[in-house]
Structures are given as structure tokens and as C-alpha cells.
Amino acid sequence: MRAINEYTITDAAIDQMAATPNPRMRQVMESLVRHLHAFAREVDLTPEEWLEGVRFLTAVGQKCTAHRQEFILLSDTLGLSALVNALHDKRVSETVTKSSLLGPFYRQDAPMMKLGDSIISRCKGTEVVFYGRVIDSAGSGIPNALVQVWEPDETGNYDLQKHDPSVMDLRGCFRTDPEGRYYFRGLCPLGYMIPMDGPVGDMIRAQKRHGYRPAHIHFVIGAPGYRELVTALYVAGDAHIDSDTVFGVDESLIIAVNKSDRSSPLPNLPSIHYDFRLAAARDQMSGRVGADPSQVTSRVVEGGA
Ligand SMILES: [Fe+2]
């Protein structure tokens with residue numbers, strides 16, 4: 001019989017998983033156990049701290065609903081989401097638009113709108129036009145690409161945080177024209193504090209972090225034959241552009257608001273111009289990456305029933 005001690009426990013746990021038929025699952029779980037055990041040894045984890053960790057993760061799960069995803073928020077604030085995005089971006093050789101965080105507030109059922117429409121239905125603030133093209137790595141326009149957008153209101157809240165889920169504001173879907181162009185009206189992006197009324201907020205306060213995200217607007221862009229892009233545009237000059245609580249900002253995603261833009265399709269409004277470059281889909285890269293967080297909860301409920 002193998003003696004179980006602080007070192008042999010790792011191989012003992014991994015040996016029991018050796019018959020896992022799915023090779024990727026086996027690889028991921030073996031590595032997870034190795035790193036989890038190394039972490040516990042490194043910090044000399046005590047039973048009280050282990051229990052505190054169990055309590056924290058339980059609270060994170062209990063905070064989740066179909067319209068609130070505390071686990072995504074936890075992943076975002078630990079930098080894991082940004083790391084996964086960086087690994088995802090590394091899998092293409094072409095120079096394309098970088099990924100940024102999906103975050104917890106995407107909805108796949110936002111209304112379909114016509115180019116030039118406004119996504120503002122309730123809130124107040126400065127209206128701007130967002131415009132540009134969806135292009136491939138060679139610069140050719142991608143017609144009929146689906147451009148999904150969402151942004152917070154003038155109080156820094158998404159519709160899901162303020163209203164019944166049947167109410168939608170500041171989100172919409174658009175199709176690019178035959179040249180790959182898109183344009184729509186929305187609110188000039190604003191920054192906000194991440195939801196602080198749950199266990200992730202407790203963690204942020206305990207770490208003396210400010211909890212803010214710089215002004216941004218989210219995009220999910222897809223077209224047949226291209227890898228779906230989940231990204232966001234960040235407004236230059238925001239006080240938190242260099243200290244985003246969820247590490248979403250990349251220099252290539254920072255934009256400026258142009259107050260006098262003659263090239264804009266709506267030249268009387270301030271404009272934000274950006275061309276999104278998509279990578280061609282290849283095998284394992286063609287899957288959706290912009291999944292609606294509410295689907296996670298519904299799958300868990302169905303699975304647990
Ligand atoms: Fe956001």
C-alpha cells in the first residue's frame with residue numbers, strides 16, 4: 001500500500017484518473033491536480049483556509065442566476081479570462097483584431113436592427129455613431145457579418161442590472177452591408193464599477209482594489225467561414241485605462257471620439273471609427289466563443305434536474 005503524504009498524494013490522485021477515456025479531459029485534470037497541490041504546498045494551506053475557500057466558492061455559485069454570472073466575474077478579476085483570450089489569439093498566425101472580455105452581461109437574444117439605428121431606448125447621454133468595416137486578414141470586406149453590441153448606461157449599469165430581463169436597452173445586432181460596413185448609434189461609452197454586492201466584490205475590497213473598468217463598448221462579431229471575435233473598444237484618456245479591474249484593455253483596442261468626422265455616415269454626430277479584422281476559421285477554431293452566460297445556468301439546471 002502506498003503511503004499517502006504531502007508529496008505522494010499528487011501521484012495517487014493522478015493515478016486514479018489515468019483511465020479517463022477523453023484524452024483532453026485527462027490532460028486538463030492531471031495538470032489541474034498537479035498545480036492545485038503545488039499551490040497548497042507552496043502556501044502551506046491550513047484546514048481553516050481550505051474551508052474559507054469552500055465557503056467563498058459556494059457563495060460565488062449561490063450568487064449566480066440566469067442573468068448574473070459571478071463565476072465569470074471571478075475569472076475576469078483574477079485575470080484568467082484575459083489569459084484565456086491571449087492563448088486564443090495566439091492560435092492564429094494572421095494579424096487580426098485582439099480579443100477582449102465577454103464579461104457577464106452578454107445576451108444572445110438582443111434585437112436585430114437596421115444599419116444606422118440607435119441601440120438607445122431608455123437612457124440619456126451623449127449619442128455617438130460607431131462605424132467601420134468588418135474585414136478579413138487581407139483587408140477585404142466581409143458582407144452580412146453579424147455584429148452584436150452592448151454597453152452600460154449613463155449610471156454605469158447594464159440593462160440586466162436595472163430592469164426585468166424582458167427589458168433590453170443599449171444592445172442590438174446588425175448585419176454588415178455588401179462591402180462589410182457597419183454603423184449604428186449608441187451612447188458615448190462610459191466606465192463603471194464591477195458588481196460589488198457579491199463575494200467577488202468582497203474579495204476586491206479585501207485586496208484594496210478600486211473595482212473600476214474604463215469606458216468601453218462590447219462586440220461579438222461572426223460570419224460563416226471566420227473565427228468568431230469577442231472584443232471591446234476602450235475610450236482613450238479614461239482614468240482607469242491602465243488599471244482595468246478585469247485586464248481587458250489592449251493598446252490596439254483603444255479608440256478616440258472624433259467630434260468632427262466628415263467621413264462618418266452620420267457626420268452631425270461625434271463618431272467612433274474602428275475596423276474589425278477576423279481570422280479565417282480552421283477546424284477547432286470555428287466554434288462559438290461568445291456564449292450567453294445565461295445558457296451556463298440553464299444547462300446546470302437542466303443537468304441537475
Ligand atoms: Fe462591460
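Strands S7 and S8 form a hairpin with 6 residues between them, and Gly-225 in its turn has a positive phi of about 90°. This is a predicted model, in which local features need pLDDT of at least 70, side-chain atom pairs count only at pLDDT 80 or more, and totals for chains, interfaces and linings use all residues. Residues are numbered from 1 along each chain as its sequence is written, and side-chain values use heavy atoms, with hydrogens and water left out. Helices (H or I, at least four residues) and strands (E, at least two) are DSSP runs, numbered from the N terminus.

**The sheet around S7**

The hairpin belongs to an open sheet of 5 strands, ordered S3-S2-S7-S8-S9, with mixed pairing. Its edge strands are S3 (171-175) and S9 (254-255), each of which pairs on one side only. Two strands are taken to pair if DSSP finds at least two bridges between them. S7 (residues 216-222) and S8 (residues 229-235) are antiparallel and share 6 bridges. S2 (residues 146-150) also runs antiparallel to S7, to which 5 bridges join it.

Individual bridge partners and opposite residues of S7 are listed below.

| Residue in S7 | Residue facing it | Strand of the facing residue |
|---|---|---|
| His-216 | Tyr-234 | S8 |
| Val-220 | Val-230 | S8 |
| Phe-219 | Val-149 | S2 |

S7 is mostly covered, since 7 of its 7 residues are buried; here buried means under 20% relative accessible area, exposed over 50%, and partly exposed in between (1.4 Å probe, protein chains only). In a regular strand the side chains alternate between the two faces of the sheet. In S7, His-216, His-218, Val-220 and Gly-222 point one way, whereas Ile-217, Phe-219 and Ile-221 point the other way.

**Aromatic contacts**

The structure holds 11 aromatic pairs. Rings of Phe, Tyr and Trp (its six-membered ring) pair if their centres lie within 6.5 Å; planes under 30 degrees apart count as stacked, over 60 as edge-to-face and the rest as tilted. One of these pairs, Phe-130 with Phe-184, is stacked, at 5.0 Å centre to centre and 15° between the planes. This pair links distant parts of the chain, as Phe-130 lies in strand S1 (residues 127-135) and Phe-184 in strand S4 (residues 181-187), 54 residues apart. Both Phe-130 and Phe-184 are buried. They also belong to one aromatic cluster with Phe-174, Tyr-182, Phe-219, Tyr-274 and Phe-276.

**Helices and the N-terminal segment**

Ile-4 is found in the segment before helix H1 (8-16). With a relative accessibility of 54%, Ile-4 counts as exposed. Apart from residues up to four places away in sequence, Ile-4 touches Ile-9 and Ala-12, where contact means heavy atoms within 4.5 Å. From Ile-4 to Gly-103 the C-alpha to C-alpha distance is 41 Å, with the two positions 99 residues apart in sequence numbering.

Within H1, Thr-10, Ala-12 and Ile-14 are buried, and helix H2 (23-43) is included in what covers the buried residues of H1. In helix H7 (residues 199-206), the buried residues are Pro-199, Val-200, Gly-201, Met-203 and Ile-204. The buried residues of H7 pack against H3 and helix H4 (70-77).

**A nonpolar surface patch**

Leu-36, Phe-39, Val-43, Leu-45, Trp-50, Leu-51 and Val-54 form a nonpolar patch on the surface, with about 620 Å² of accessible area together. The elements giving two or more residues to this patch are H2 and helix H3 (47-63). Patches consist of residues with over 30% relative accessible area and no salt bridge, with like charges joined within 9 Å and nonpolar side chains (Val, Leu, Ile, Met, Phe, Trp, Tyr) within 5 Å. A salt bridge is a side-chain nitrogen of Lys or Arg within 4 Å of a carboxyl oxygen of Asp or Glu. Accessible areas come from the Shrake-Rupley method with a 1.4 Å probe. Val-43, found in helix H2, is partly exposed because its relative accessible area is 41%.

**Backbone exceptions**

Most residues other than glycine have a negative phi. Asp-44 has a positive phi of about 50° although it is not a glycine. Asp-44 is found in the loop between H2 and H3 and counts as exposed at 59% relative accessibility. Lys-208, likewise not a glycine, has a positive phi of about 60°. Lys-208 lies in the loop between H7 and strand S6 (212-213), and its relative accessibility of 76% makes it exposed.
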